[in-house]
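Here is a walk through one protein chain, from its overall make-up down to single side chains. Have the structure open while you read.

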Amino acid sequence: MRLIVPLQGVVQGRGGLFVGSLIPCCLFYFLQLYLKRRRSPPPDSDSTELPRTSSRSSLFTRGNSIGRVRVSSRAVPLAKPPDSPYYIGLERVKTDPYDRVSNRDGIIQLGLAESTLCFDLLQRWMSENLMDSMMMMHSDVDGGFDISSIAMYQRFEGLLEVRVAFADFMSRIMGGNVSFDPSNMVITAGGTPAIEVLAFCLADHGNAFLIPSPYYPGFDRDIKFRTGIELIPVHCRSSDNFTVTVSALEQALNQARKRGIKVSGILFSNPSNPVGNILSRETLHAILSFAQEKNIHVISDEIFAGSVYGDKEFVSMAEVAGSGGFDKSRVHIIYGLSKDLSLPGFRAGVIYSFHEDVVNAAKKLMRFSSMPVPVQRILISLLSDTRFIEEYMAAHRQRIRDKHFLFVEGLKQLGIPCAESGGGLYCWVDMSSLLTSYSEKGELELFEKLLSVAKINATPGTACYCIEPGWFRCCFTALADEDIPVIMERIKPLTESSRS
């Protein structure tokens with residue numbers, strides 16, 4: 001106690017004034033000097049800061065020694081910058097987008113399959129019907145608006161009314177040769193969750209789908225990111241207009257089995273993306289026969305079914321499956337309104353399956369990606385407006401045909417051919433004559449020249465797993481007519497330099 005209270009000896013009179021006060025005082029001040037030397041000096045920048053306790057110091061020391069807090073191993077590769085030319089091109093356009101008024105030297109977007117060709121028709125319908133479609137379809141007994149019809153929880157798989165409207169619409173745009181049962185349908189928030197959920201239901205982690213290539217590069221993200229399912233390209237060649245054959249499927253399946261990979265199904269787009277060719281009834285029949293023989297699933301992505309403009313007939317795999325002799329439970333259809341109705345912002349997709357377990361599982365999974373109820377109300381009204389739909393689809397197909405003709409003719413004037421196509425919002429362009437070397441490296445060099453010199457973003461075949469260098473997908477349905485000569489003028493110097 002004397003070390004803490006140095007005058008205690010004086011107060012209590014122990015040992016006299018000298019012994020009772022001097023020795024304890026000396027000991028106290030020596031202790032203070034010792035502690036002061038051991039204590040680290042306060043920072044110069046803030047003399048008023050309280051000294052940290054030893055526990056606080058050790059806490060921060062331990063944190064610094066560990067490093068940054070980690071995220072999951074699943075998230076690490078997703079957080080990295082994209083390495084596919086498809087996504088690299090899309091990101092480059094965002095930094096310097098072309099505008100015919102405010103930025104005529106910007107990059108022209110030919111890498112995104114979206115359409116503005118019929119926005120005038122959509123604008124008119126929306127301005128006349130948008131609010132009524134949400135507010136008047138479910139009024140109360142007094143004729144007023146019932147907020148609960150759009151604000152409360154509804155079925156995750158989609159309202160019955162919207163599934164009925166989708167079924168009727170899909171049958172109509174597919175020529176009326178096939179009917180769709182709303183009970184086999186699950187509504188999704190776009191085509192991306194539709195294909196992911198379907199893949200989740202059909203294959204296990206580590207399994208694979210066969211997919212004819214070239215194929216839409218977005219499938220890599222849509223399927224691989226979270227399901228752990230692999231995609232095995234089935235290489236098709238220009239000599240067959242990039243149409244898949246049974247022999248190519250057989251070869252790819254055998255190679256996968258030799259590598260110990262279980263193939264669970266075949267995935268393809270019809271009309272093809274990126275080529276734009278339409279699979280014949282005979283080809284679809286052959287694919288389904290092959291799948292039935294090997295006891296695997298068939299996934300037909302028919303999101304461009306209403307965007308056909310050629311003379312060839314579009315046939316849905318649902319129609320082939322119902323033609324007799326097939327096990328329909330292995331057939332699954334993907335559809336949506338991003339392309340045929342030019343509504344990618346509405347995030348409207350469909351899973352259609354003949355397999356009861358797939359439908360039931362997909363319904364439960366829709367809690368993660370269900371379509372908002374107000375959007376469903378709008379689509380019920382839109383898809384049920386038969387007069388508008390007929391007017392829209394006729395204009396949509398005609399305007400695609402006209403734009404395709406202008407774009408392809410412009411390329412022909414430069415000596416650049418395109419593959420034969422009859423559907424989709426794009427064309428498959430053969431720029432092999434512009435390559436400095438007939439290789440993947442030469443193709444990527446041309447891709448960079450198009451981006452940096454010509455200021456055009458076109459998706460290279462490498463991103464689509466095409467084995468023939470020099471092919472590019474060019475989307476043309478978001479272009480104005482006056483943009484097409486600008487594009488050709490930008491490509492022209494590259495064609496001239498390749499010939500010199």
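Two strands count as paired if DSSP finds at least two bridges between them. That rule is worth having in hand for what follows, and keep in mind that this is a predicted model.

**The chain as a whole**

The secondary structure comes to 18 helices and 12 strands. Of the 500 residues in the chain, 49% count as buried. About 25,400 Å² is exposed, and carbon and sulfur atoms supply 54% of that. Among the contacts with a separation of 6 or more, 74% come from residues 24 or more positions apart.

**The sheet**

Let's look at the open sheet, where 7 strands line up in the order E2-E8-E7-E6-E5-E3-E4 with mixed pairing. Strand E2 (185–188) and strand E4 (230–235) stand at the edges with a single partner strand each, so one side of each has no neighbour in the sheet. From one strand to the next, the twist averages 25°.

At the E4 edge, strand E3 (residues 208–213) pairs with E4 in the parallel sense over 6 bridges. Here isoleucine 211 stands opposite proline 233 in E4.

Two helices pack on this sheet. Helix H8 (residues 160–173) touches E2, strand E7 (331–336) and strand E8 (349–353), and its direction makes about 100° with that of E2. Helix H12 (residues 281–294) touches strand E5 (263–269), strand E6 (297–301) and E7, with its direction at about 170° to that of E5.

E8 deserves a stop of its own. On one side, E2 and E8 pair in the antiparallel sense over 4 bridges, with threonine 188 opposite glycine 349 in E8. E7 and E8 also run antiparallel, joined by 5 bridges, and in that pairing isoleucine 333 stands opposite tyrosine 352 in E8. How many of the residues of E8 are buried? The count is 5 of 5, so to speak a strand that is mostly covered. Both faces are covered: Gly349, Ile351 and Ser353 are buried on one side, and Val350 and Tyr352 are buried on the other.

**A buried serine**

Serine 316 sits in the loop between E6 and H13. With a relative accessible area of 1%, serine 316 is buried. Which residues is it in contact with, leaving aside its neighbours within four places in sequence? They are Met174, Val178, Phe180, Glu302 and Ile333. With glutamate 302, the serine 316 side chain also makes a side-chain polar contact of 2.9 Å. Ile333 has come up already, as the residue opposite tyrosine 352 in E8.

**Salt bridges**

Side chains of opposite charge can pair when their charged atoms come close. A search of the whole structure turns up 18 salt bridges. Here are three of them, with the N to O distance for each.

| Basic residue | Acidic residue | Closest N to O distance |
|---|---|---|
| Arginine 124 | Glutamate 391 | 2.8 Å |
| Arginine 281 | Glutamate 319 | 3.0 Å |
| Lysine 403 | Aspartate 481 | 2.5 Å |

Take the pair of glutamate 391 and arginine 124. It links distant parts of the chain, with glutamate 391 in helix H16 (residues 386–413) and arginine 124 in helix H6 (residues 119–135), 267 residues apart. Glutamate 391 counts as partly exposed at 34% relative accessibility, and arginine 124 counts as partly exposed at 34% too.

Next is the salt bridge between arginine 281 and glutamate 319. Arginine 281 lies in helix H12 and glutamate 319 in helix H13 (residues 317–321), so this pair ties together parts that are 38 residues apart in sequence. Arginine 281 is partly exposed, with a relative accessible area of 32%, whereas glutamate 319 counts as buried at 15%.

Then there is lysine 403 with aspartate 481. This pair also links distant parts of the chain: lysine 403 is in helix H16, and aspartate 481 is in the loop between strand E12 (471–475) and helix H18 (483–499), 78 residues apart. Is lysine 403 buried or exposed? At 7% relative accessibility, lysine 403 counts as buried, because the cut-off for that label is under 20%. Aspartate 481, at 42%, counts as partly exposed.

Finally, a network of salt bridges links Glu250, Glu293 and Lys294.

Note on methods: Residues are numbered from 1 along each chain as its sequence is written. This is a predicted model: local features need pLDDT of at least 70, side-chain atom pairs count only at pLDDT 80 or more; totals for chains, interfaces and linings use all residues. Side-chain values use heavy atoms; hydrogens and water are left out. Axes are lines fitted to C-alpha atoms, for helices over the stretch in contact, and angles run from 0 to 180 degrees between N-to-C directions. Contact means heavy atoms within 4.5 Å. Buried means under 20% relative accessible area, exposed over 50%, partly exposed in between (1.4 Å probe, protein chains only). A salt bridge is a side-chain nitrogen of Lys or Arg within 4 Å of a carboxyl oxygen of Asp or Glu. Accessible areas come from the Shrake-Rupley method with a 1.4 Å probe; for residues, only the protein chains shown count as cover. A polar contact is a pair of N or O atoms within 3.5 Å; within protein, one must be able to donate a hydrogen and the other to accept it, and residues adjacent in sequence count only if both atoms are side-chain atoms.
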